[in-house]
Amino acid sequence: MPRAIEPWKINLISVWFGCFFTGLAISQIIPFLPLYLEQLGVSGGESLSLWSGLTFSITFVISAAVAPLWGSLADRKGRKLMLLRAALGMALVILLQAFVTEAWQLLLLRALMGLTSGYIPNAMALVAAQVPRERSGWALSCVSTGQIGGVILGPMLGGLLADWVGLRTVFIVTAALLMISFLVTLFLIKEIGYVPVSKKDKLSGREVFRSLDNPKLMLCLFCTTMVIQMCNGSVNPILTLFVRELAPHAENIAFLSGVIAALPGVSALMAAPQLGRLGDRIGTQRILLATMVIALLLFIAMSFVTSATQLGVLRFLLGFADGAMMPAVQTLLVRHSRDTITGRIFGYNQSFMYLGNVAGPLLGAAVSAVAGFRWVFFATAVVVLINVLFLKRFYRRPQTELPASAVRSAASPASAAESAETQD
């Protein structure tokens, strides 16, 4: 008889598809938001830029504010319920965006979309709580490839649909994809071994951090998440203009810029599971520090490129580091926190991720306006360097978890003291 698939593996596959459809749905709208605002009557370069910036960023700002709330509710009510809430809520809000007639209506719905967010962090928390801890790095890296794959294909699919069936129809298709995420979650994901945290046992934010073995490291990991998102977003406002500066005679600047923008995602998709598995073997913290140093060097190298080809090659290499950094942070969050507060921890981490989504483009736009395009890469490298120094300062090697049999055999005070001494 064939051996039954373990429940956590079924959940992992189901969560992968849910994250893929969520990433696909959200990213395919972003590229044509300015065009949609023009259809809604926003005209003039300055007005369009202002409305585009507000419409894009308001979702992330509100998501950052409410992410800890959803994380706390996940610990009390279950992660699957939060996945269903996020998928259904985003589907309904995005569907309504297809029928707006004024720019302020779109802005309001984009703000409401921020309130309904949280599918991917809760998916990560659910996987982290059920996967064997010695395989958590590999599992979280696999889940991240679902999101990355969706984010890569989303803009291409959105552009094709916008040209083929019109902008408003893209919102309807997006809502349908999110409904697929909802159905996958509803019928395939089983939350196993979940023990709800009662309202009286719920910890305050201060108590959550007091319960951690290394709260300073946890804050540093949150900041690392923000820095990773800043690095990904700081180049976005200037990428097309920088490519045009590097290749002034190219006739297909938009296509060339799109390819260069997508290259890190392609290599991240290739590298994430392998690097996650390697982190489980040699230490996730080593993978995180090594890939951040590699990213630092690549950003410095990008500031000296003289052709679009050189920029594309360096961004492709950057993707290998990108594919490891965020899953490594999430794995360390799991290993330095207890299951009863995993939702809260991932909620806080998601807030910092959203803040990075807002701060990155602001950093890139400000530095390029003051000093030029090339200094954006150098400024990003400086931010990464500061983060690496803080990580090395606050990281403390986690204690190795022993198998249950070893714990039973090491019950005597002498053996326990010897074990602690060895781990230190």
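These are my notebook entries on a few helices and residues I looked up in this predicted model.

**Entry 1: the whole chain**

I started with the big picture. The protein chain has 18 helices and 0 strands. I then checked burial, and 50% of the 424 residues count as buried. Next I looked at contacts between residues with a separation of 6 or more, and 85% of those in the protein chain join residues 24 or more positions apart. For the surface, I got an accessible area of about 19,900 Å². Carbon and sulfur atoms account for 68% of that area.

**Entry 2: Ser181**

I picked Ser181, which sits in helix H8, residues 167-188. Is Ser181 buried or exposed? Its relative accessibility is 0%, and the cut-off for buried is under 20%, so Ser181 counts as buried. I also wanted to know what Ser181 touches. Leaving out residues up to four places away in sequence, I found Gly18, Phe21, Thr22, Ala87 and Tyr119.

**Entry 3: H4 against H8**

Ala87 from that list made me look at helix H4, which covers residues 79-97. H4 and H8 pack with their axes 8 Å apart, at an angle of about 165°. Angles over 145 degrees count as roughly antiparallel, so H4 gets that label relative to H8. I noted the crossing of H4 and H8 as left-handed.

Then I went through the residues that meet. On the H4 side I jotted down several, including Leu84, Ala87, Leu88 and Ala91. On the H8 side, Leu178, Ser181, Phe182 and Thr185 are among them. Sorted by class, this contact of H4 with H8 has 15 nonpolar, 4 polar and 1 charged residues.

**Entry 4: H7 against H8**

I stayed with H8 and turned to helix H7, residues 136-165. How do the axes of H7 and H8 cross? They come within 7 Å and cross at roughly 130°. That angle makes H7 oblique to H8. I wrote this crossing down as right-handed. From H7, the contact uses Gly158, Leu161, Ala162 and Val165. From H8, it uses Leu167, Thr169, Val170 and Val173. By class I have 6 nonpolar, 2 polar and no charged residues for H7 with H8.

**Entry 5: Val93**

Back to H4, where I found Val93. Why does Val93 count as buried? Its relative accessibility is 5%, which is under the 20% cut-off. I looked up which residues Val93 contacts, setting aside neighbours within four places in sequence. The list is Leu109, Leu112, Met113 and Thr116. I also checked the spacing to Gly114, which is 21 residues from Val93 along the chain. Their C-alpha atoms are separated by 9.9 Å.

**Entry 6: Arg374**

My last pick was Arg374, in helix H16, residues 374-394. At 29% relative accessibility, Arg374 counts as partly exposed. That label fits because 29% falls between the 20% and 50% limits. Which residues does Arg374 touch, not counting those up to four places away in sequence? I listed Phe242, Glu245, Leu246, Met302, Ser303, Phe304 and Val305. I also looked at Val235, which is 139 residues from Arg374 in sequence. From C-alpha to C-alpha, Arg374 and Val235 are 9.9 Å apart in space.

Conventions
Residues numbered from 1 in each chain as written. Predicted model: local features only at pLDDT ≥ 70, side-chain atom pairs only at ≥ 80, totals over all residues. Heavy atoms only, no water. Helix = DSSP H or I, 4+ residues; strand = E, 2+ residues; numbered from the N terminus. Buried < 20%, exposed > 50% of the residue type's maximum accessible area, 1.4 Å probe, protein only. Contact = heavy atoms within 4.5 Å. Areas by Shrake-Rupley, 256 points an atom, 1.4 Å probe, with all protein chains shown as cover. Axes fitted to C-alpha atoms, helices over the stretch in contact; angles between N-to-C directions. Parallel < 35°, antiparallel > 145°, perpendicular 65-115°, else oblique. Left-handed = near helix turned anticlockwise from the far one by under 90°. Nonpolar A, V, L, I, M, F, W, Y, C, P; charged D, E, K, R; others polar.
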